[in-house]
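Here is a short report on one protein chain. Look at the rings first, then at a helix, a strand and a few unusual backbone spots.

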Amino acid sequence: MKNPSKGTNLLNISLNEGCFKPKTSLIEGFFRIFALLIKRLQAMIELKLYEYMRELLKQTPTTFVRYKYDDISWDSRLVGILGPRGIGKSTMILQRIKNTPENHSLYITADNMYFADHKLFDLADKFVKEGGTHLYIDEVHKYSGWSRELKLMYDMHPSLHIVFTGSSVLDIYRGESDLSRRALIYFMYGLSFREYLSFFHGIESPVYTLDDILNNRAVLNAVEHPLPLFRDYMSRGYYPFSVQGDFPMRMEQVVTQTIEVDIPQYADMKASTARKLKQLLAILSHLAPYKPVADSLASEIGASKNSIPDYLAYLEKSGMIGLLRDDTSGIRNLGKIEKVYIDNPSLMTVLAGGTPDIGNLRETFFYNQMRVRNEVTASRQSDFVIGKYTFEIGGRKKGKQQIEGLDNAYIVKDDIETGFGNIIPLWCFGLNY
């Protein structure tokens, strides 16, 4: 019989590679060829994972890194980085790979088509056997059974370092396998005003502590007039992707994906419930800052009163809103909800069609920026309390009536460049991280 492999170069597969033996049927030979073809295609796909990583690394800048980068214990065995969509988690882990070329690293996205017929654990197992040391899994929440397989990787491969990113809605303690004793979990927020200055304009500033800010030591030596930059930050600066343009459209896509995909996926919600969440966010965008009234909100969206606290919690975890609580508990985020804010000024601007209420925007900025490094609670006399300090937020003409008789109280004013005494410029609080 004429050798059918002549003139065929497909993966260099030959019928003489053990596929045909004397008395072997043509069908058996075909299936052996097919199995060999699949095996080689799988090897090619794994090579493509490396090629995909290399292409991404070429496009990854290293001149600017997020505030969280130096906080992370990168060489721990299991590290999770959670946060809302679009704040730079993927870029940060690619920067880590680029900055540590001595490690044998692999970056993968959990929604890669490769995982349509491959298990994450099997890839990790093969990676370790080939000498791999650091596996980076982006958007792990898009892989079904992620927590169980992460646990297996951790337990079976003590030499492997795993870093994964996930949606901020992800509850790492309630997955199919409890990772709380194994994983170091970090939560990342969007750009601060300080980071915006560096990323968008190349203007560098140190991080200032709260005490630095309150003693008027927070300055921008490279900027003569900070207010125009501050206005731009408020409208679009919280999200790194806004540098690409078309920010309102991109932001609307983030909101839609978060509410229609992320939250329902983890809360096991029906499509009708997701629509109620979207309605709730639309209502809050017009009212915030707003003291939530469960009966009223439930009536507006056609939901049970008992569902409202859960809906608010999901919107908060997903980065859509911020919940300001009172100081009735010493444990963060367990106090009674006093006000609901839209999560950040950039999102608030988009939801308000480009014209947010300036007073609400100022309060939103202060709360959004200060919650990262501080425990911010509601004030009974004024707007906010951080530790022993009380803050009243306002514009240039804001008076001191709200803080009269209070110790360690400050007026935070917008529309001013410099502060004096207990009057602090609002923009200074954006230099805290």
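The chain holds 27 aromatic pairs. Here, rings of Phe, Tyr and Trp (its six-membered ring) pair if their centres lie within 6.5 Å; planes under 30 degrees apart count as stacked, over 60 as edge-to-face and the rest as tilted. One stacked pair is Phe-391 with Tyr-410, at 5.9 Å centre to centre and 25° between the planes. Phe-391 belongs to strand 10 (residues 389-394) and Tyr-410 to strand 11 (residues 409-413), so this pair ties together parts that are 19 residues apart in sequence. Helices (H or I, at least four residues) and strands (E, at least two) are DSSP runs, numbered from the N terminus. Both Phe-391 and Tyr-410 are buried. Buried means under 20% relative accessible area, exposed over 50%, and partly exposed in between (1.4 Å probe, protein chains only).

This is a predicted model: local features need pLDDT of at least 70, side-chain atom pairs count only at pLDDT 80 or more, and totals for chains, interfaces and linings use all residues. Residues are numbered from 1 along each chain as its sequence is written, and side-chain values use heavy atoms, with hydrogens and water left out.

Which residues form one aromatic cluster? They are Phe-64, Phe-193, Tyr-196, Phe-199, Phe-200, Phe-230, Tyr-233 and Phe-365.

Charges also meet rings. A charge sits over a ring if NZ of Lys or CZ of Arg is within 6 Å of the ring centre and within 35 degrees of the ring normal. Arg-77 lies over the face of Tyr-154, 3.7 Å from the ring centre. The charged end of Arg-371 sits over the ring of Tyr-367, 6.0 Å from its centre.

Tyr-367 is one of the buried residues of helix 13, and Phe-365 from the cluster is another. In helix 13, 11 of the 13 residues are buried, so the helix is mostly covered. Asp-357 caps its N-terminal end: a side-chain oxygen of Asp-357 lies 3.1 Å from the backbone nitrogen of Gly-359.

Now back to strand 10, which also contains Glu-392. Glu-392 counts as buried because its relative accessibility is 4%. Its side chain makes a polar contact with the side chain of Ser-382, at 2.4 Å. A polar contact is a pair of N or O atoms within 3.5 Å; within protein, one must be able to donate a hydrogen and the other to accept it, and residues adjacent in sequence count only if both atoms are side-chain atoms. Leaving aside neighbours within four places in sequence, Glu-392 is in contact (heavy atoms within 4.5 Å) with residues including Lys-398, Ile-403 and Tyr-410.

Gly-399 sits in the loop between strand 10 and strand 11. Its relative accessibility is 25%, so Gly-399 counts as partly exposed.

Some backbone spots stand out. Most residues other than glycine have a negative phi, and most peptide bonds are trans. The peptide bond from Ala-288 to Pro-289 is cis, with omega near -5°. Pro-289 is in the loop between helix 9 (271-287) and helix 10 (294-301). Two residues that are not glycine have a positive phi:

| Residue | Phi | Relative accessible area |
|---|---|---|
| Glu-139 | about 55° | 23%, partly exposed |
| Asp-246 | about 50° | 54%, exposed |

Glu-139 is in the loop between strand 3 (134-138) and helix 4 (146-156). Asp-246 is in the loop between helix 7 (227-236) and helix 8 (247-267).

Finally, the whole chain. There are 13 helices and 12 strands. Of the 433 residues, 52% count as buried.
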